Amino acid sequence: MNTIKFDNKTTRVVAHRGLSGLERENTASAFVAAGNRNYYGIETDIYRTSDGHFVVNHDGNTNRVGGVNVVMEQAPWELLREVVLYDMDGTKDRYDLRLPSLENYISICKRYEKVCILELKSQFTLEETQKIIELIEKYDYLADVIFISFHYSDLEHVKALRPNQTCQYLTGDNSDTMIAKLKDAGMDIDIHHPALTEERVAAMHAAGLKINCWTVDDPARGEELANWGVDYITSNILEGKNA
């Protein structure tokens with residue numbers, strides 16, 4: 001089954017935390033599942049570890065996904081990689097379900113030729129941001145990465161180091177003030193989809209912003225957003241129609 005195809009032929013669908021509607025979110029299994037389908041990109045989240053690595057997880061700890069409360073930024077990579085995560089049915093019988101590293105994520109996206117939509121969850125220093133960028137450059141894949149974050153400073157660091165790098169600011173703010181701020185910074189927007197209307201989409205596009213939105217699993221809403229011309233839709237699983 002392939003991702004939904006929209007009539008406008010321009011809106012691209014991003015797999016949220018990998019194909020998290022089918023596999024445990026933010027695991028290699030979820031990334032590979034998205035890689036084997038017609039998704040444009042694969043979104044994930046990274047934190048710093050206590051020993052300077054970068055690890056994939058949405059939450060600030062492993063309690064929800066693994067049943068043990070290991071805090072991402074306070075634990076070393078060797079401890080975090082030992083946590084076995086819950087499968088979709090709540091069992092922990094699959095020992096392949098572990099927290100990936102940033103390297104794991106990039107290598108899978110490259111293997112399947114998917115764009116990386118990389119959310120910076122920690123408030124990274126400029127030096128840490130440089131390390132992230134250099135790690136991705138070792139895979140020769142930086143041109144296929146879109147950085148996103150709720151932390152505006154994280155995206156400012158990316159832009160300071162690589163001015164032409166694509167960045168999308170995560171927000172629910174659809175105001176003209178926000179649009180102008182992002183236009184001036186050379187950033188795009190990644191907005192909570194209920195904040196979008198046809199008029200707001202038009203205003204963002206008039207300012208030259210590309211629009212990503214999250215998290216859309218309803219095909220009817222996806223069609224509406226696509227008809228308005230949004231550039232990307234981020235979804236846990238948006239499949240079925242025209243597959």
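This is a guided walk through the structure above, from its strands to its cysteines and its largest pocket. Keep in mind that the model is predicted.

Let us start with the strands towards the end of the chain. Strand β7 covers residues 188–192 and strand β8 covers residues 211–214, and these two pair in the parallel sense over 4 bridges. To find the pairing on screen, look for D190, which stands opposite N212 in β8. Between these strands the chain passes through helix α8, residues 198–206, and β7, α8 and β8 together make a right-handed β-α-β unit.

The pattern then carries on with β8 as the starting strand. Strand β9, residues 232–235, pairs with β8 in the parallel sense, here over 2 bridges. N212 is again a useful landmark, for its bridge partner in β9 is Y232. N212 of β8 therefore has D190 on one strand and Y232 on another, as a partner list built on the DSSP bridges shows. Helix α9, residues 219–228, completes a right-handed β-α-β unit with β8 and β9.

What does β9 pair with besides β8? Strand β1, residues 12–15, pairs with β9 in the parallel sense over 4 bridges. Within that pairing, V14 has T234 in β9 as its bridge partner. The side chains of β9 are worth a closer look: Y232 and T234 point one way from the strand, I233 and S235 point the other way, and all of them are buried.

Now to the helices that belong to these units. E199 has its place in helix α8. Is E199 buried, partly exposed or exposed? With a relative accessible area of 48%, E199 is partly exposed, because the exposed class begins over 50%. E199 also gives you a way to relate α8 to the residues further along the chain: E199 and W228 are 29 residues apart in sequence, and their C-alpha atoms are 8.7 Å apart in space. W228 itself falls within the residue range of α9.

The loops hold a few backbone details that are easy to miss. In the loop between β8 and α9 you will find T215, and the peptide bond that leads from W214 to T215 is cis, with omega near -25°. In the loop between β7 and α8 sits L196, which counts as buried because its relative accessible area is 2%, under the 20% cut-off. L196 and V115 are 81 residues apart in sequence and 24 Å apart in space, C-alpha to C-alpha.

The loop between β1 and α1 (28–35) has R17 and also N26. R17 has a phi near 55°, a positive value in a residue other than glycine. N26 likewise has a positive phi of about 55° although it is not a glycine. Are R17 and N26 buried or exposed? R17 is buried at a relative accessible area of 14%, and N26 is buried at 1%.

Next come the cysteines. How many disulfides does the structure hold? The number is 0. A disulfide is a covalent bond between the sulfur atoms of two cysteines, so the distances between sulfurs are the place to look for a reason. For C116, the closest cysteine sulfur is in C109, and because the two sulfurs are 3.6 Å apart, they are too far for a bond; the cut-off for a disulfide is 2.5 Å. For C213, the closest cysteine sulfur is in C167, and at 19 Å it is also too far for a bond. C116 counts as buried, at 0% relative accessibility, and C213 is buried too, with a relative accessible area of 0%.

Last on the walk is the largest pocket, which has a volume of about 160 Å³. Which residues line the largest pocket? The lining is made by T3, I4, K5, F6, K9, T10, T11, R12, V13, N38 and Y40. By class, that lining has 4 nonpolar, 4 polar and 3 charged residues. R12 and V13 of the lining lie within the residue range of β1, the strand that pairs with β9.

Notes: Residues are numbered from 1 along each chain as its sequence is written. This is a predicted model: local features need pLDDT of at least 70, side-chain atom pairs count only at pLDDT 80 or more; totals for chains, interfaces and linings use all residues. Side-chain values use heavy atoms; hydrogens and water are left out. On a 1 Å grid over the protein atoms alone, a cavity is a set of points where a 1.4 Å probe fits but cannot get out, and a pocket is an open set with protein on both sides within 12 Å along at least five of seven lines; lining residues have an atom within 4 Å of a point. Grid points are joined across faces, edges and corners, and a volume is the space filled by probe spheres set on the points. Ala, Val, Leu, Ile, Met, Phe, Trp, Tyr, Cys and Pro count as nonpolar, Asp, Glu, Lys and Arg as charged, and the others, Gly among them, as polar. Buried means under 20% relative accessible area, exposed over 50%, partly exposed in between (1.4 Å probe, protein chains only). A crossover is right-handed if, with the strands pointing away from the viewer, the path from the first strand over the helix to the second runs clockwise.
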